[in-house]
Amino acid sequence: MSTSNRKIRKILVANRGEIALRIMRSAKEMGIRTVAIYSEADREALHVRYADEAVCVGPAPSSESYLRIDRILEACRQTGADAVHPGYGFLSENAHFARAVEEAGLIFIGPSPQSIELMGSKLAAKEAAKKQGVPLVPGTAEALTDVEEGKRIAREIGYPVLIKASAGGGGKGMRVVEKEEDFAEQMERAISEAISAFGDGAVFIEKYIASPKHIEIQVLGDRYGKVVYLFERECSIQRRHQKVIEEAPSAVVDENMRRAMGEAAVRVAKACGYYNAGTVEFIVDEQRNFYFLEMNTRLQVEHPVTEMITGIDLVKEQIRIAEGQPLRFSQEELKINGHAIEVRVYAEDPRNNFLPNVGKLLSYERPQGPGVRVDDAFEAGMQVPIYYDPMIAKLIVHAPSRQEAIDRMLRAIGEYKITGIATTLDFCAFALQHPAFTDGSFDTNFVKQYFTPEVLNSALTEEELQTAAAFVAHLWNEQKGQSQVLNNGAPANSQSCKRSWKIARRNI
Ligand code: ADP
C-alpha cells in the first residue's frame with residue numbers, strides 16, 4: 001500500500017520516557033492526536049499521562065512489552081492510529097517492525113525497511129559508503145570467521161586493531177586488540193558477545209584510531225530523492241563507547257571540512273535511497289581526516305543540539321516527510337545559528353565506574369531561564385525503573401557562542417537539583433570546565449585520560465560550600481564583633497553566603 005501523500009491524524013509512539021514525550025509534543029503542535037504504549041512498570045509515567053490515549057502492551061521487561069510488535073500493532077488497531085513513530089532504541093532500527101507497520105496499512109515515521117536493513121549491517125553500510133568514494137577506516141570489507149585469517153589482516157593493518165560486530169550497536173561486541181598474542185582470545189569473545197547480543201556472530205576488523213573524535217552529520221531526505229545535511233554534532237565525550245556530552249557545531253570543523261563531511265553523508269544516504277531523518281557517523285583522526293563509521297537510521301538521542309542551531313524541529317520534519325511532503329528547504333537555506341550543547345543526565349555513578357544507580361528521585365528540580373531546554377519524563381518522587389535505559393534527562397543549552405554555551409550549561413547544571421540517586425551531572429560539569437574541552441582538543445579518550453572519581457570528591461557540594469562560607473563568615477564577623485549579620489548563624493541563602501565567603505576570604 002502506498003503511504004505517500006496521506007495526512008497523519010493519529011500517531012502511536014512505540015517508545016517511552018523523554019523521547020515519547022518529545023515526539024508527542026511536536027505531534028500536538030501539528031494538531032495530530034497521540035497514543036502512548038506502556039509496560040506495567042510505566043503505568044504512572046509522564047508519557048502515558050501526556051498522550052491522548054494509552055495502551056498497556058505487557059509486563060515490565062521490554063522483551064514482553066516495548067519490543068512486542070504484535071501487541072503494538074494491536075494497539076494501533078484498537079486506537080485507530082494511522083502512523084507509528086519508533087523513537088530511538090527499542091524497535092527503531094528493526095526492519096521487520098517497519099515492514100509490519102507498513103503491511104498493516106500504517107505509516108512508519110522513518111526510512112524504508114530496505115534502508116534500515118542495509119544500514120543495520122555495518123559491513124553492508126561500509127560497502128555502500130565505499131562505492132560512493134567516502135573514506136573508510138582501513139580494515140576488512142567482509143565478515144571474518146577464521147582466526148588465522150584475522151591475524152594476517154590485523155598484521156597487515158598494524159596493531160592496535162578493533163574487532164567489531166557487524167550487527168553491533170550501543171558499543172557492544174567491540175574489542176580493542178593491542179598485540180597479536182591477544183588476538184585469538186579477543187576475536188572469540190567478540191564473536192560470542194555478538195551472538196548473544198545480536199544473534200549474529202559476523203565480526204570484522206578496523207584499524208584502531210588512537211585519538212579519534214566522533215563527529216556525525218544529521219541528514220534529512222524526502223521520498224523524492226532530495227537529501228540535505230543539517231551540519232555536524234561532536235560526540236566525543238563518551239564512557240563505554242557511549243556518548244554523554246554532545247555539541248553543535250564542532251569546535252574543530254571548519255567550513256571546508258563541514259561541506260566535505262556533509263556532502264559525503266548525503267552521498268551515503270542517497271546510495272541507499274534514504275528518506276526521513278538519519279545520521280551518518282564519522283571518526284576523525286588527529287590530522288582531521290574523516291572516515292565513515294556507520295549510519296543510524298532513526299532520530300538520535302542528541303538531535304536537540306541540531307534543532308537548536310538550525311531552528312528546525314526534526315520530529316515535525318519526520319512527520320511531514322512520512323506524509324509524503326517534499327523537503328521544505330534547500331541546502332543553501334540552512335544556516336548555523338550560535339552554539340548548542342547537550343549533557344545526558346544518566347542515573348549512573350561517575351564515582352563508581354559509571355555504574356547504573358537507579359532508585360527514587362527524592363527531589364527533582366529542573367533548571368530554567370534563557371536558552372535552557374530540558375527533555376525529560378520525570379518528577380520528584382518517581383522511581384527510575386531498572387528495566388530500561390538509565391537516562392533521566394537531556395539538558396540542552398543554546399547561546400550565541402561556544403564559550404557562552406559552556407557558561408550557560410554550567411549555570412544550568414548548578415540549578416539542576418536531583419537527590420536520591422547519583423547522576424552524571426557533576427561529571428559533565430567537570431568535563432565542560434576541563435582545558436581539553438574548552439580548547440576543543442579532546443577526543444574519545446577524555447574519560448580515560450582525565451577523569452578519576454577524586455576530581456569530583458575534591459569539589460565541594462553546594463551544601464558544603466554554604467557551611468564553609470557560613471563558618472568563615474562567622475569567624476570574620478566575630479572578629480569584627482558583628483556576628484548578628486549572619487541571621488543568628490543561619491545563612492540567608494547560598495548567594496549571600498558566597499558573598500560572605502568572598503568578603504571573608506579577602507579579609508582573612
Ligand atoms: P556502536 O554502533 O556500537 O555505537 P560505532 O561504530 O558507532 O559502534 O562506534 C562507537 C564508538 O566506538 C565511536 O564513537 C568511537 O568512540 C569508537 N570507535 C569506533 N570505531 C573506532 C575505531 N576504528 N577506532 C577508534 N575508536 C573507534
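Start by selecting residues 7-452, the stretch where an unreviewed UniProt entry places the feature "domain: Biotin carboxylation". What you have open is a predicted model. Over residues 7-452, the chain is 34% helix and 25% strand. Put a distance marker on the end C-alpha atoms of that stretch, and you will find them 52 Å apart.

Next, click on the ligand and show the residues around it. There are 24 of them, and those that come nearest are Lys122, Gly171, His214, Gln238 and Glu294. Colour this shell by class and you get eight nonpolar, nine polar and seven charged residues.

Now show side chains and look at three polar contacts, one at a time:

- Lys122: a polar side-chain atom sits 2.6 Å from an oxygen atom of the ligand.
- Gln238: here, too, the partner is an oxygen atom of the ligand, with a polar side-chain atom 2.7 Å away.
- Glu206: this time the partner is a nitrogen atom of the ligand, 3.0 Å from a polar side-chain atom.

Switch on a surface for the protein. How much of the ligand's accessible area does the protein cover? On its own the ligand has 560 Å² of accessible area, and the protein covers 96% of that.

Then go back to the cartoon and pick out the elements that each give two or more residues to the shell: β6 (161-165), β8 (203-207), β12 (276-284) and β13 (290-296).

For a last stop, colour by domain. Domain 2 (138-207) and domain 3 (213-457) each supply at least three residues to the shell around the ligand.

Notes. Residues numbered from 1 in each chain as written. Predicted model: local features only at pLDDT ≥ 70, side-chain atom pairs only at ≥ 80, totals over all residues. Heavy atoms only, no water. Near = heavy atom within 4 Å. Polar contact = N/O pair within 3.5 Å; in protein donor to acceptor, adjacent residues only side chain to side chain. Areas by Shrake-Rupley, 256 points an atom, 1.4 Å probe, with all protein chains shown as cover. Helix = DSSP H or I, 4+ residues; strand = E, 2+ residues; numbered from the N terminus. Nonpolar A, V, L, I, M, F, W, Y, C, P; charged D, E, K, R; others polar. Domains from an automatic or database assignment. UniProt positions renumbered as here; feature names shortened; annotations may be inferred.
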